[in-house]
Amino acid sequence: MSKTILITGASTGFGRDTAETLASEGHTVFASMRDPSGKNSEHSTALNAKGIHTLELDVTNEQSVLKAVEHIKAQAGQIDVLINNAGVASAGVTEAFSTEQVAALFDVNVFGLHRVTRAVLPLMREQQSGLVINIGSILGRVTFPFFGMYGASKYAVEALTDSLRYELSQLGVDVALVQPSAYPTQMYGSAMQPTDVGCVEKYGETGEIPGAMFSQFMSMFESAESPNPHDVAEAIVGLVNAPNGQRPARTVVGTSFGADSINDVIAPVQAGTIKALGLDHLDTAKAS
């Protein structure tokens, strides 16, 4: 059955590929991005040519979010699936990031996710149906040194996703998390770097590790064995097509670095916690 789907951060990368893949399956897709008539006009035009609706949506701007959701409501009458894909990466010595940089990172990866979800949920609650898919990361489960700020934002997404999944389970709305590993997307090329260069220099050889790690990743991405970003789109399509109540809470995509093992260990602990609270009826979404 065709669904109306909103994807954030859909000009490139996982979002763009997911939009194209879902549209090819017959879904009505609204691919949102910043400045679709300006700096992203080429991406917007290409998506439009494939029958995909594009619209302005800046996850850091409340009015932009509300305007985009109202536009979709006017055009389609409903939103069946929200894919919170918009995000920014960061890499470098944690101490060397300014407070302003950390705030900007969380404004997109955490607050932005909440802004968009909060704008869409009234529609889904009224429909008594819907699916929210949050794009997290294996770095929300395992920690790479020098990716601490990005990982912290994705750890936050883990908690938000779980809480939303419980809170919405009896209202007909399902919530799932996708945890991609490292893939060759523009996110890595545009990753935030720390502004306090003097601080980085004081770390000596240790401060040079992030650059070496980055070079290794880029080299891996250019090799014949480079992971295929389409894996993420395929995982999302599987979640979209699955019925409520039968979706996994978490889906690891790519090399897990142990994130899948952590998921397996934590799942029964989390279920036990919910049961101890007397809220285990919230642990399974109502079938659609």
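## The cavity

The largest cavity in this predicted model has a volume of about 60 Å³. If you go hunting for others, note that the structure holds one cavity of 30 Å³ or more.

So what lines the largest cavity? Thr 8, Val 59, Asn 84, Asn 85, Ala 86, Val 108, Asn 109, Gly 112, Leu 113, Val 116, Ile 135 and Lys 154 do the job. Sort these lining residues by type and you get six nonpolar, five polar and one charged. Helix α4, which covers residues 99–127, supplies the largest share of the lining, with five residues.

## The largest nonpolar core

Now for the packing. The largest nonpolar core is made up of 27 residues. Which of them have the most contacts inside it? That list reads Ile 7, Leu 22, Ile 83, Ile 133, Val 178, Ile 236 and Val 240.

Several elements chip in two or more residues each: the strands β1 (4–7), β2 (28–33), β4 (81–84), β5 (130–135) and β6 (173–180), along with the helices α1 (13–24) and α9 (230–241). The largest share of this core belongs to α9, which gives six residues.

## A look at Ile 7

Ile 7 is a handy place to zoom in. Leaving aside residues up to four places away in sequence, Ile 7 touches Gly 15, Thr 18, Ala 19, Leu 22, Val 29, Phe 30, Ala 31, Ser 32, Ile 83 and Asn 85.

## The second core

There's also a second core, separate from the largest one, with 23 residues. Val 59, Leu 82, Val 108 and Met 124 are among them. Val 59 and Val 108 may ring a bell, as both also line the largest cavity.

Definitions and conventions:
Residues numbered from 1 in each chain as written. Predicted model: local features only at pLDDT ≥ 70, side-chain atom pairs only at ≥ 80, totals over all residues. Heavy atoms only, no water. Core = buried A, V, L, I, M, F, W, Y, C linked by side-chain atoms within 4.5 Å. Buried < 20%, exposed > 50% of the residue type's maximum accessible area, 1.4 Å probe, protein only. Helix = DSSP H or I, 4+ residues; strand = E, 2+ residues; numbered from the N terminus. Contact = heavy atoms within 4.5 Å. 1 Å grid on protein atoms, 1.4 Å probe; cavity = no way out; pocket = protein on both sides within 12 Å on 5 of 7 lines; lining within 4 Å. Points joined across faces, edges and corners; volume = space filled by probe spheres on them. Nonpolar A, V, L, I, M, F, W, Y, C, P; charged D, E, K, R; others polar.
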